[in-house]
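Student: I would like to go through this model step by step, beginning with the ligand and then turning to the protein around it. Could we take one question at a time?

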Amino acid sequence: MAAARVIDGKAIAAEVRRSVAAEVEQLKNEKGLTPGLAVVLVGEDPASQVYVRNKARQTTEAGMRSFEHRLPASTSEAELLSLIDDLNRSKDMHGILVQLPLPPQIDTRKVIEAIDPAKDVDGFHPINVGRLSAGERSLVPCTPAGCIILAKSVQPELRGLEAVVIGRSNIVGKPVAQLLLREDCTVTVAHSRTRDLPGVVRRADLVVAAVGRPEMVRGDWIKPGAIVIDVGINRVEGPDGKSRLVGDVAYEEVAQVAGAITPVPGGVGPMTIACLLKNTVAAARDQIARA
Ligand code: NDP
């Protein structure tokens with residue numbers, strides 16, 4: 001029997017979506033405005049197609065307008081930049097998301113930097129990255145924002161906690177670390193060159209694993225009672241030969257020791273789109289306030 005409380009990301013994401021829908025309704029009634037999200041997909045990556053479909057469906061379900069732009073894999077960088085320019089100017093789109101990865105002929109950095117920071121609902125534009133690290137108000141990357149909501153669902157006040165983030169990517173690890181600092185945690189960021197990773201993780205009251213290595217974090221790395229947020233999504237082959245999804249955390253073992261843990265799937269995963277919708281409404285609000 002697992003000792004840890006299981007953090008239900010599906011239920012918490014549904015709650016976030018409900019509150020977004022209520023805010024959208026209010027914006028429509030008070031300002032006569034419907035927030036719009038443009039999602040751009042270049043090429044035919046099957047995983048990206050699934051994400052884009054889910055994003056569009058959940059955007060519409062929250063009462064917002066969804067605009068999908070599907071471009072062929074052969075699209076040139078100039079063509080994509082020109083579309084982004086149009087989307088930046090459009091009054092109907094309050095958020096712009098370019099699904100990554102992009103085909104090799106396109107410089108991802110250039111594309112991210114071309115998006116109007118006020119519409120950058122992924123929070124990847126250097127202006128938003130800089131604002132986050134300077135502790136200023138900004139659009140915050142969606143998966144990291146979801147991690148904080150999940151941690152606070154079990155412990156609303158994170159102040160003073162020892163937090164260890166495993167992974168230092170620009171998409172997850174670094175922004176999670178910034179957000180935890182903003183919550184007044186004492187933050188350590190571990191990575192592939194960290195010495196004695198189990199020893200470092202053992203100090204943590206709150207662990208965020210964003211590594212991409214199936215079940216790397218073991219039960220004996222965890223301080224009893226710690227909160228464990230597992231961002232990893234890894235497809236592995238089970239003993240029956242069927243493929244299944246596992247996180248970066250050895251769930252069964254860690255759940256014996258931790259105070260609370262997110263499952264995979266059904267933990268961090270569902271939070272990403274919910275936070276994207278939240279960012280889109282926030283971006284729409286800011287844009288009308290400035291208009
Ligand atoms: P990256 O590959 O960009 O980064 C992985 C990080 O883990 C790097 O900083 C790397 O260190 C570190 N790392 C690798 N091996 C080790 C090791 N043995 N010990 C300690 N640290 C290690 O991955 P992402 O951040 O993009 O994604 C991480 C995981 O989260 C993946 O499983 C991904 O699928 C998942 N993910 C889930 C999302 C969701 O739920 N919606 C969204 C985004 C990602 P170094 O920098 O030294 O190389």
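Student: How far does a backbone N or O atom of histidine 191 lie from a nitrogen atom of the ligand?

Tutor: Please keep in mind that this is a predicted model, and that a polar contact is counted for a pair of N or O atoms within 3.5 Å. In histidine 191 the atom concerned belongs to the backbone, and its partner is a nitrogen atom of the ligand, the separation being 3.5 Å.

Student: Which residue places a polar side-chain atom 2.9 Å from a nitrogen atom of the ligand?

Tutor: The ligand is surrounded by 21 residues, and the closest are Arg168, Ser169, Ser192, Arg213 and Thr272. Arginine 168 has a polar side-chain atom 2.7 Å from an oxygen atom of the ligand, which does not fit the partner you name. The side chain that reaches a nitrogen atom of the ligand at 2.9 Å is that of threonine 272.

Student: What percentage of the ligand's area does the protein bury?

Tutor: The reference is the ligand taken alone, which exposes 930 Å². Of that area, the part buried by the protein is 69%.

Student: Which element supplies the largest share of the largest nonpolar core?

Tutor: This core has 52 residues, and Val20, Leu180, Leu206, Val208 and Ile229 have the most contacts inside it. Elements that each supply at least two of its residues include helix H1 (9-31), strand S2 (36-42), helix H7 (173-182) and helix H10 (269-290). The largest share, nine residues, comes from H10.

Student: From which domains does this core draw at least three residues each?

Tutor: The domain assignment of the chain gives two domains, with bounds 32-115 and 141-270, and their centres, taken over C-alpha atoms, are separated by 29 Å. The core draws at least three residues from each of them, namely domain 1 (32-115) and domain 2 (141-270).

Student: Is asparagine 88 buried or exposed?

Tutor: Asparagine 88 lies in helix H3 (residues 77-89), and, leaving aside residues up to four places away in sequence, it touches Ile96, Ala114, Ile115, Asp116 and Lys119. The cut-off for a buried residue is under 20% relative accessible area. Because its relative accessible area is 19%, asparagine 88 is buried.

Student: Which residues does valine 20 touch, not counting those up to four places away in sequence?

Tutor: Valine 20 is one of the residues with the most contacts inside the largest nonpolar core. With residues up to four places away in sequence left out, valine 20 touches Ala62, Met64, Ala274, Leu277, Lys278 and Val281.

Notes:
Residues numbered from 1 in each chain as written. Predicted model: local features only at pLDDT ≥ 70, side-chain atom pairs only at ≥ 80, totals over all residues. Heavy atoms only, no water. Core = buried A, V, L, I, M, F, W, Y, C linked by side-chain atoms within 4.5 Å. Buried < 20%, exposed > 50% of the residue type's maximum accessible area, 1.4 Å probe, protein only. Helix = DSSP H or I, 4+ residues; strand = E, 2+ residues; numbered from the N terminus. Domains from an automatic or database assignment. Contact = heavy atoms within 4.5 Å. Near = heavy atom within 4 Å. Polar contact = N/O pair within 3.5 Å; in protein donor to acceptor, adjacent residues only side chain to side chain. Areas by Shrake-Rupley, 256 points an atom, 1.4 Å probe, with all protein chains shown as cover.
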